[in-house]
Amino acid sequence: MTARKNRISRRNFLKGMGAGSAAVLLPVGGAAAASGEDEELCTLLDLSRCVGCGECVAACHESNRAKYPDPKKPFPEMYPTTRAKVEDWSDKTDVEDRLTPYNWLYIQTAEVEYGGENYEINIPRRCLHCRNAPCANLCPWGAAARQKNGIVRIFDNVCLGGSKCRAVCPWHIPQRQTGVGLYLRLLPNFAGNGVMYKCDRCYNRIADGKLPACIEVCPENVQSIGPRSEILAKARELAEKNNWFMYGEKENGGTNTIYLSPVPFEVLTKAVDKGPGKPGLGPVADSMADEEKLAYAVGVAPFAGIAAALIKAGNYISSAGRKGNE
């Protein structure tokens, strides 16, 4: 596959393609597949197909806009001031070249030479939804959790924005927005400093038997979704047939996002921009195999569960009280 050197605008690309796209859902029984009743869901991204048109990014924005933060300003001053720094993206909601609280999906581009050929590989990046997610296992407040269908979520009505999830995530995916969330009602000068945000895989659409927005709109059918066993079987088949490379099957103990590439991922990760909000694609050991983290998870789990239940109950009572006074 030779490199696509010409940039293609979203509008012109779609004009050239004609009407719409045919998003792929592997055959596992219709709505049952989308809701994840039978087995945890996994997505396969065929990077040989991605042209970087950005339609997935736009669809993610449109579908999840109601979930984005609406911070209150001025922000409370934190004590000590060095403990949890202000992170404010509310005036930069149009940033699309990295992950932010308002941008849960973005496209990395790697221009590389491999095997005597030039490639431009476009890589949609978001939360990988780990099978043994450290963010869900190690959050001291129980604000992050992994659903039975494999979706890893951060619950904004529980999150205090302490960013433990980002610190333990091998790719540092979650991003914080100051001035929103529960900390404003608890200890605004001492607790947390906002809410952490990341891709929630359009859990509400999946619950309704629909596809995630990014998959539904893709004109190149880059992504497919289905039970992990079927997705892995398909990925292995394509990798063997085309002599391609896989990422996500074993990284961090296995994720529910599988990338396929005609170029090795160690080559790609050297070529992409990395830094805050820009994760790499290097090898990642199973972080939850670490004895210290396992011990912490065992110790924190009961407390985190109780804390999450109390916080949710407090939110419900507070909400009911406000409605009763209206």
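**Exercise 1. The nonpolar cores**

Find which residues have the most contacts inside the largest nonpolar core, and name some members of another core that lies apart from it.

*Solution.* Start with the term: a nonpolar core is a set of buried Ala, Val, Leu, Ile, Met, Phe, Trp, Tyr and Cys residues joined through side-chain atoms within 4.5 Å. Buried means under 20% relative accessible area, exposed over 50%, and partly exposed in between (1.4 Å probe, protein chains only).

Before going on, a word on the model: it is predicted, so local features need pLDDT of at least 70 and side-chain atom pairs count only at pLDDT 80 or more, while totals for chains, interfaces and linings use all residues. Residues are numbered from 1 along each chain as its sequence is written, and side-chain values use heavy atoms, with hydrogens and water left out.

Step 1: the largest nonpolar core has 59 residues, and Ile123, Trp171, Tyr247 and Leu268 have the most contacts inside it.

Step 2: apart from this core lies another, of 10 residues, among them Leu44, Trp244, Ile258 and Leu260.

Step 3: now look around isoleucine 123, where contact means heavy atoms within 4.5 Å. Leaving aside neighbours within four places in sequence, isoleucine 123 is in contact with Leu47, Tyr106, Ile107, Gln108, Tyr259, Leu268, Val272 and Leu281.

Step 4: for the background, nonpolar side chains tend to be buried together in soluble globular proteins. Here, 52% of the 326 residues of the protein count as buried.

**Exercise 2. A covered strand and its partner**

Work out how many residues of strand β9 are buried, and how strands β2 and β9 run.

*Solution.* Helices (H or I, at least four residues) and strands (E, at least two) are DSSP runs, numbered from the N terminus. By that count the protein has 10 helices and 11 strands.

Step 1: strand β9 covers residues 223-227, and 5 of its 5 residues are buried.

Step 2: two strands pair if DSSP finds at least two bridges between them. Strand β2 (residues 41-46) is joined to β9 by 5 bridges, and the two run antiparallel.

Step 3: to pick out one such bridge, go to cysteine 42, whose partner in β9 is glycine 226.

**Exercise 3. Salt bridges across the sequence**

Explain why the salt bridge between glutamate 40 and arginine 131 ties together parts that are apart in sequence, then examine the pair of aspartate 200 and lysine 67.

*Solution.* A salt bridge is a side-chain nitrogen of Lys or Arg within 4 Å of a carboxyl oxygen of Asp or Glu. The structure holds 11 of them.

Step 1: the closest N and O atoms of glutamate 40 and arginine 131 are 2.3 Å apart. Glutamate 40 lies in the loop between α2 (31-35) and β2, and arginine 131 in the loop between β4 (117-125) and α4 (134-138), so the pair ties together parts 91 residues apart in sequence.

Step 2: compare their surroundings. Glutamate 40 counts as buried at 11% relative accessibility, whereas arginine 131 is partly exposed at 37%.

Step 3: aspartate 200 forms a salt bridge with lysine 67, with 3.0 Å between the closest N and O atoms. Aspartate 200 sits in the loop between β8 and α6 (203-207) and lysine 67 in the loop between α3 (55-64) and β3 (106-114), so this pair ties together parts 133 residues apart in sequence. Both aspartate 200 and lysine 67 are buried.

Step 4: glutamate 249 and arginine 236 also form a salt bridge, their closest N and O atoms being 2.4 Å apart. Salt bridges that share partners join Glu40, Arg131 and Arg146 into one network.

**Exercise 4. Cysteine 165 and helix α3**

Decide whether cysteine 165 is buried or exposed, and list the buried residues of α3.

*Solution.* Step 1: cysteine 165 lies in helix α5 (residues 164-168), and its relative accessibility of 8% makes it count as buried.

Step 2: not counting residues up to four places away in sequence, cysteine 165 touches Cys135, Ile154, Pro174 and Met196.

Step 3: in α3, the buried residues are Glu55, Cys56, Val57, Ala59, Cys60, His61 and Asn64. With 7 of its 10 residues buried, α3 is therefore largely enclosed by the rest of the structure.

Step 4: finish just beyond, at arginine 65, in the loop between α3 and β3. Arginine 65 counts as partly exposed at 49% relative accessibility.
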